[in-house]
Amino acid sequence: DGALLPMEGSLETVGEYVEAAKKICAKSVGDIMTTDLITIESTESMRHAAAMMAQHNLHRLPVIDNGSLVGMLTSTDIMRDMHRVVKNLSPAADEEFDKDVLRP
């Protein structure tokens, strides 16, 4: 309806944001990317991958073969695979897991 919303700050502050946005947009990906990557070989176990992700607080882990990137393991990938595996467990197996793993 064309109504203006009240805005905190001055026009000068908005101008500062615009200038900052211009500086950010002028950069290349290479200017700001992370170069000290934590990676994992595709032949490593899921146990090792999960431990690395937990230790380094990662949600994505680049997967390599012979130094070349072949994929990306994500926390969603892990959860999806866990769901696929456990959804068909019997109730007895589920109870045993709860007893032995979740509440040792």
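Let me begin at the surface, where V85, V86 and L89 make a nonpolar patch of about 240 Å²; a patch here joins residues with over 30% relative accessible area and no salt bridge, like charges within 9 Å and nonpolar side chains (Val, Leu, Ile, Met, Phe, Trp, Tyr) within 5 Å. A salt bridge means a side-chain nitrogen of Lys or Arg within 4 Å of a carboxyl oxygen of Asp or Glu, and areas come from the Shrake-Rupley method with a 1.4 Å probe, where for residues only the protein chains shown count as cover.

Please keep in mind that this is a predicted model, in which local features need pLDDT of at least 70 and side-chain atom pairs count only at pLDDT 80 or more, while totals for chains, interfaces and linings use all residues. Residues are numbered from 1 along each chain as its sequence is written, and side-chain values use heavy atoms, leaving out hydrogens and water.

V86 lies in helix α4, residues 75–86; helices (H or I, at least four residues) and strands (E, at least two) are DSSP runs numbered from the N terminus.

Now to helix α3, residues 46–55, where A49, M52 and M53 are buried, buried being under 20% relative accessible area, exposed over 50%, and partly exposed in between, with a 1.4 Å probe and protein chains only. These residues sit on the same side of α3 because they cover an arc of only 95° around the axis, taken from the directions from the helix axis to the C-beta atoms. On the other side of α3, R47, A54 and Q55 are exposed.

After α3 comes N57, with a positive phi near 55°, and N57 is exposed at 63% relative accessibility.
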